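Biologist: I would like a close look at a single part of this model. Please walk me through it in short steps.

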Amino acid sequence: MAITAQAMVQLEAAPSFPAMELQPDTHSVPLPALAHIFSHRSHRVSAPSLRQKLARGEFIVAPGIQDMITAVIAKDVGFEVVYGTGYWLTASAYGLPDAGIASVTQMTDRMATLVRTVGSAVIADADTGYGGLLNVHHTVRAYEAAGVAGIQLEDQEFPKKCGHTPGKRIVPLEEMVTKIKVACDARSNDDVLIIARTDARQSEGYDGVMRRMEAYAEAGADVLFPEALTSEEEMRSACAGLDAPVLANMATGGITPILPPSKLQEIGFSVAIYPALTSLVAAAAVENALRLLKEQDQPQGPSTPIYDFKRFCSLIGFEDVWAFDKKWLR
């Protein structure tokens, strides 16, 4: 008896989710299976190794992906690396804030779907590892099985909060060092990078950030992520003072100055993520279109950009469906 992917998510939901009565659907095929049936594009491809890119000195730019519409467009534009953002994947799927509410099961499902859809290397936000040391071990194994290329872990207390919002609390340095060691030991493929993030800037200052970043590198982290630095001077100093590759978080509307990739590379970063860019651009476009419809009786204004429907049908895989129909339906 098959249960739909939606029902699977509901069964695994966090306690704060509304309770729902679930009815098994004996006629449904799980959604991932349908993707494999109808589209060659859904088969997992060998994503480029982030470790190899960094070893070659390539500067990595990864836009944040909040849903699979954005994923297929990012693939079409040609991004080889994308960022599976916890904030926006949670918001788009469940309408909830990035506050540790979504479970590891839900986020693993989202990351696996993203990997299958985008066909690029995925840097995956794994929050705090969703609990203690055993949870970190399980999270790394689950994310690795989902096919991600990099796993980001942070040193906030569980449940965490968005790194650019107030009220963050961090764990002791020694606890996070052990988490990183557990994460490195849990992975079965060394090409999967462990990215260590610190949120210490708010509570321990810049010196605390550097102290933690150095300790996390010594514990085995492949990439260092100093979150919420407040100035270009701090960003430049962090890159100069750390031996491992450093990631810049260009969170639109956040604390850190937003800089173009070329400037970040010049400063000394190895990776730049733009987690909120596509989500906020999309939100603005949706609001504009809906206000025109509601307030001006306009289903489409003269200045409203509209994506070509036929092109999107192709991107999402309808050509495979049509080919299937042509071959088998009489």
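Is Y307 buried, partly exposed or exposed? Please start there, then describe the pocket around this residue.

Modeller: Keep in mind that this is a predicted model. Y307 counts as partly exposed, because its relative accessibility is 36% and the partly exposed class runs between 20% and 50%.

Now the pocket. Y307 is among the residues that lie nearest the centre of the second largest pocket. The others named there are I69, I73, A282 and A285. In total, 21 residues line this pocket. The space inside comes to about 750 Å³. Rolling a probe the size of a water molecule over the atoms shows where such empty space is left.

Which helices build the lining? Both α4 (68-77) and α12 (277-296) supply at least two residues each. The largest share comes from α12, with seven residues. Look at the chemistry next. The lining holds 16 nonpolar residues, four polar ones and one charged one.

Back to Y307, this time for its ring. A pair of aromatic rings is described by the distance of the centres and the angle of the planes. The whole structure has three aromatic pairs. One of them joins Y307 and F312. Their ring centres lie 6.2 Å apart, and the planes meet at 90°. That makes the pair edge-to-face.

So Y307 plays two parts in this picture: a residue among those nearest the pocket centre, and a partner of F312 in an aromatic pair, while counting as partly exposed.

Methods
Residues are numbered from 1 along each chain as its sequence is written. This is a predicted model: local features need pLDDT of at least 70, side-chain atom pairs count only at pLDDT 80 or more; totals for chains, interfaces and linings use all residues. Side-chain values use heavy atoms; hydrogens and water are left out. On a 1 Å grid over the protein atoms alone, a cavity is a set of points where a 1.4 Å probe fits but cannot get out, and a pocket is an open set with protein on both sides within 12 Å along at least five of seven lines; lining residues have an atom within 4 Å of a point. Grid points are joined across faces, edges and corners, and a volume is the space filled by probe spheres set on the points. Helices (H or I, at least four residues) and strands (E, at least two) are DSSP runs, numbered from the N terminus. Ala, Val, Leu, Ile, Met, Phe, Trp, Tyr, Cys and Pro count as nonpolar, Asp, Glu, Lys and Arg as charged, and the others, Gly among them, as polar. Rings of Phe, Tyr and Trp (its six-membered ring) pair if their centres lie within 6.5 Å; planes under 30 degrees apart count as stacked, over 60 as edge-to-face and the rest as tilted. Buried means under 20% relative accessible area, exposed over 50%, partly exposed in between (1.4 Å probe, protein chains only).
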